[in-house]
Amino acid sequence: MKKEIDQAIVMENVVKEFKVLNRHEGLRGSIRDLFSRDYRTVTAVDNISISIPGGQIVGYLGPNGAGKSTTIKMMTGVLEPTSGNLIVNGCVPYKNRTKNCENIGVVFGQRSQLWWSLPLIESFRLLKDIYLIPDRQYDEMMKLYSDLVDLEPLLHKTVRQMSLGQRTLSDILAAFLHDPKIVFLDEPTIGLDVSMKAKIRDLIKELNRMKQTTVILTTHDMGDVDALCERIVIIDHGRMIYDNDIDHLKSYFGSYRILKVRLPGDIWEETVIDESKTDVMSVISDYQKKGKLLDIKLEEISTEEVIKKIYENETNERKKISGIDKSRDNTGIAV
Amino acid sequence: MNARKYLALTRAGIIQELQFRMGTFITVLGNLIYLTLVYFLWRSIYASSPTPVVNGMTFNDTIIYLVLATALFNFLEMYLVWNISRKIQSGEIVMDLLKPMSYRKLMFFTFFGDNITTFFLTFLPTFIVVFILTKGAIPVGTNLIWFVISVGGALLVNYFIDFFVSTISLYTESTWGINIVKESIVLLFSGATIPLVFFPEKLRVVVKCLPFRCIYDTPLNILLQKDGYTPGSGMWTMLGLQLVWCVALCALTGIFWNFSVRRITVNGG
C-alpha cells in the first residue's frame, strides 16, 4: 500500500522556546521563588527545517538534552512551536491534535501506552476500538504480527508481568496496530539486551518495509542507526548540525580507515589513515620497506565514533580536529 | 460521535477494576468502621435533643441517609484528582494526550467503568441491606427511577468538579493540599457528611446555590421522598437544577482545560 502524501513531515524554521523560572537555592530561595517573576527563556529547538518523505526511516540523533524529545512532542501535537511551520500528514499537529493522533503511532521507551493490568490482547482490542480499526484490517495486522514475532505467549500476559523487552516489543506492535502513516520511536531499545535489540530492529525494519510507514527514531544506540536508518539528522543545542545519509556521515570528517599490521614478534600496530592525504596501499608499502608484515587488517571507522566526534566537536565550538585516533582511545571499544 | 471507542474504554475500566477486588472488601470494612462512628455520634446528638425529631428528621432517617450517602460516596468517588495529578507529575499524561480523543472523554469513560463496578459491588449490596434492615423506611415506587436519573446527574456534576480541580493541578504540580480542600468542601457542602437540613439557615441558603448539593443531597432526598423532593413538591426543580449545573460545569471545565492545555503546550511541562 502506497501512502498518498509524499512528504510525511515538513518543518520550516521551527523554533521552540520555554520560559523557565530562575530558581534560587536554599529555603530562603525557595520561598522567594514562590513569588518570583524572574523567568529566562531557554531555546530547546532553534530554527530547524527538515522535510521527511513518506516511508523513510530517519535516525534523529543528538546528545542528551539536545532537543530531540521536544521536536517529537511538537510533531505529535503535544507541544506548540513558538514560531515556524510544522506540517505532519498535511495538517498542523497542535491545532488538530486529536485528528493528528489518528495517523501517528508513538513509543516512548520509558513509558507504555498499554493498560498495565490487562492482558496484551485486551489492550490491542481496546486500541482497535479507540482507533476504530476495521475488523479485517485488525485481523490482517494480527496475522502479520504473529508471522513476525512469537506473539502467542505474549497475548495473554498482563503488561505488568512482562519483562522490559517484551513490554517494548508489545508497545511497538501497539503503535503500528492502526497502520499509522508515521511512527515515532523515542529510544525504543533503551535498557534491552543484545538479542532483544536485534529482534526489535528486525521488527521495525519489516514493518516499515511492509506498511511503508515513516519511522522517526531517536536513539543513543549506534547499532540501531546502523541497522535501520537510511537518513540521519543530528541536532545539538537545538540546532541541526547534520542531515544526510549514513554513508556521508562516515566521511563527515574526511574518509578515515584504520589499518592494523602485525609485525614480527607478534606486535600489532595501528595507523589511522586519512584517505584525503594518503591511501592504504602506500602506507602498507611503507611498512613493507621497513620489514616483514605477518598480517594486515583494514577496518572502517564505526558510526559510533563519528557521532561521538560530531557531538564533541559541536561542544568544542568547532575546534580544530586534532586527529580522530584520540577519540578512539577514549571509547575503548574494539572496532 | 462514535460510541464504540467510549464503550471499549468503559469495558476496560470494568475489567481493570475487577482485578483489584481486594480493594472492594477493604472499602466495605472501612465503611463499617466509619458508620459505627457515625451511629454513635448521631445517637448522642439525638439523646441530647428534647424531641425525637430534629430538623424534620428522626434518628432512623438520619442514619439511613448517612449510610446511603457513604455507599453513594464509594460509588461516585473516582479519585480522579489523584490520578490525573500523578499522571501530570510523572509525565505519563503525554501518552493519554496521544490518544485520538479528548482527554476529558478519555478519563470519563475510563472511570465510568469503575463507577459501574462499584455500583454493583458496594452501592447495591449496601442499599439492599439497608432496605431489609429498616423494613420499609425507604419508599419504593417511581422514586427509584428518579433516583437513578438523579444519580446520573450527580455522577456528571461530581466528575466535572473533579476534572476542574485536576486542571488546577496542571498549574500547581503539587496537588495534595488542593485535593484535601476539594474533598472537604464537596463532602461538607454536598450533604454527604451532615444532611443539609442540619445546616444553619444562612449557610444553607448559600449552600443551596452551589453545585455540590446536586451530588448527595438531591439524589438521596429524592430516594427518601423528603419534603421538597417529591414529584408534587419541587423534585422537577431539583432535577432541573442538576441539569443546569451539568451543562454549566461541562462548558466551564471544557474552556478551562483547553485554555490550560494550550498554556502547557506553549510553555512546556
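Me: Two strands pair if DSSP finds at least two bridges between them. In β9(A), which residue is the bridge partner of A:Ile235?

Reply: This is a predicted model. In it, β8(A) and β9(A) pair in the antiparallel sense, over six bridges. A:Ile235 has its bridge partner in β9(A), and that partner is A:Met240.

Me: In what order do the six strands of the open sheet of chain A stand?

Reply: Start with the edges. β5 (104–108) and β9 of chain A each have a single partner strand, so one side of each is left without a neighbour in the sheet. The pairing is mixed, and the full order in chain A is β5-β6-β7-β3-β8-β9.

Me: What is the average twist from one strand to the next in the sheet β5-β6-β7-β3-β8-β9 of chain A?

Reply: Six strands of chain A form this open sheet. From one strand to the next, the twist averages 15°.

Me: Strand β3 (residues 57–61) of chain A sits in that sheet. How many of its five residues are buried?

Reply: Look at both faces. In a regular strand, side chains alternate between the two faces of the sheet. On one side of β3(A) are A:Ile57, A:Gly59 and A:Leu61, on the other A:Val58 and A:Tyr60, and both faces are covered. The strand is mostly covered, and its count of buried residues is five.

Me: In which sense does β3(A) pair with β8(A), parallel or antiparallel?

Reply: First, the other partner. Four bridges join β3(A) to strand β7 (residues 214–218) of chain A, and there A:Val58 has A:Ile216 as its bridge partner. Towards β8(A), A:Tyr60 is matched with A:Val233. Four bridges link β3(A) and β8(A), and the sense is parallel.

Me: About what angle does helix α7 of chain A make with β5(A)?

Reply: Take helix α2 (residues 68–76) of chain A before it. α2 lies across β3, β5, β6 (182–186), β7 and β8 of chain A, and runs at about 155° to β6(A). Helix α7 (residues 164–176) of chain A also packs on the sheet, touching β5 and β6 of chain A. The direction of α7 and that of β5(A) make an angle of about 165°.

Me: Chain A has another open sheet, of three strands. What is their order?

Reply: The edge strands are β2 (39–53) and β4 (83–88) of chain A, each pairing on one side only. β1(A) is joined to β4(A) by five bridges and runs antiparallel to it. One of the links is A:Val10 with A:Ile87. The order in chain A is β2-β1-β4.

Me: By how many degrees are neighbouring strands turned against each other, on average, in the sheet β2-β1-β4 of chain A?

Reply: The pairing in this sheet is antiparallel. Direction is ignored in the angle, and the average turn is 25°.

Me: Which element gives the largest share of the side of domain 1 of chain A that touches domain 2 of chain A?

Reply: Chain A is divided into domain 1 (7–249) and domain 2 (255–331). Contact takes 11 residues from domain 1 and eight from domain 2. On the domain 1 side, the elements giving two or more residues are α9 (222–228), β8 (231–236), β9 (239–245) and α10 (246–250) of chain A. The largest share is three residues, and it comes from α9(A).

Me: How far apart are the C-alpha centres of the two domains of chain A?

Reply: The two domains are domain 1 (7–249) and domain 2 (255–331). Their C-alpha centres lie apart by 36 Å.

Me: Chain A also touches chain B. Which element of chain A gives the most to that side?

Reply: The contact takes 22 residues from chain A and 21 from chain B. Elements of chain A that give two or more residues are β1 (7–21), α3 (97–102) and α4 (120–130). The most is four residues, from α4(A).

Me: How many residues on the side of chain A that touches chain B are charged?

Reply: Chain A gives 22 residues to the contact. They divide into 12 nonpolar and four polar, with a charged count of six.

Me: What radius of gyration does chain B have?

Reply: Chain B has 11 helices and two strands. Its C-alpha atoms fill a box of roughly 65 × 40 × 35 Å along the principal axes. With 269 residues, a compact globule would have a radius of gyration near 18 Å. Chain B agrees with this, at 19 Å.

Me: What percentage of the residues in chain B are buried?

Reply: Residues 24 or more positions apart account for 80% of the contacts in chain B with a separation of 6 or more. Of the 269 residues in chain B, the buried ones make up 36%.

Methods: Residues numbered from 1 in each chain as written. Chains lettered and ligands numbered in written order. Predicted model: local features only at pLDDT ≥ 70, side-chain atom pairs only at ≥ 80, totals over all residues. Domains from an automatic or database assignment. Contact = placed C-beta atoms within 7 Å. Nonpolar A, V, L, I, M, F, W, Y, C, P; charged D, E, K, R; others polar. Rg over C-alpha atoms; globule rule 2.2 N^0.38 Å. Buried ≥ 20, exposed ≤ 12 C-beta atoms within 10 Å, placed from the backbone. Axes fitted to C-alpha atoms, helices over the stretch in contact; angles between N-to-C directions.
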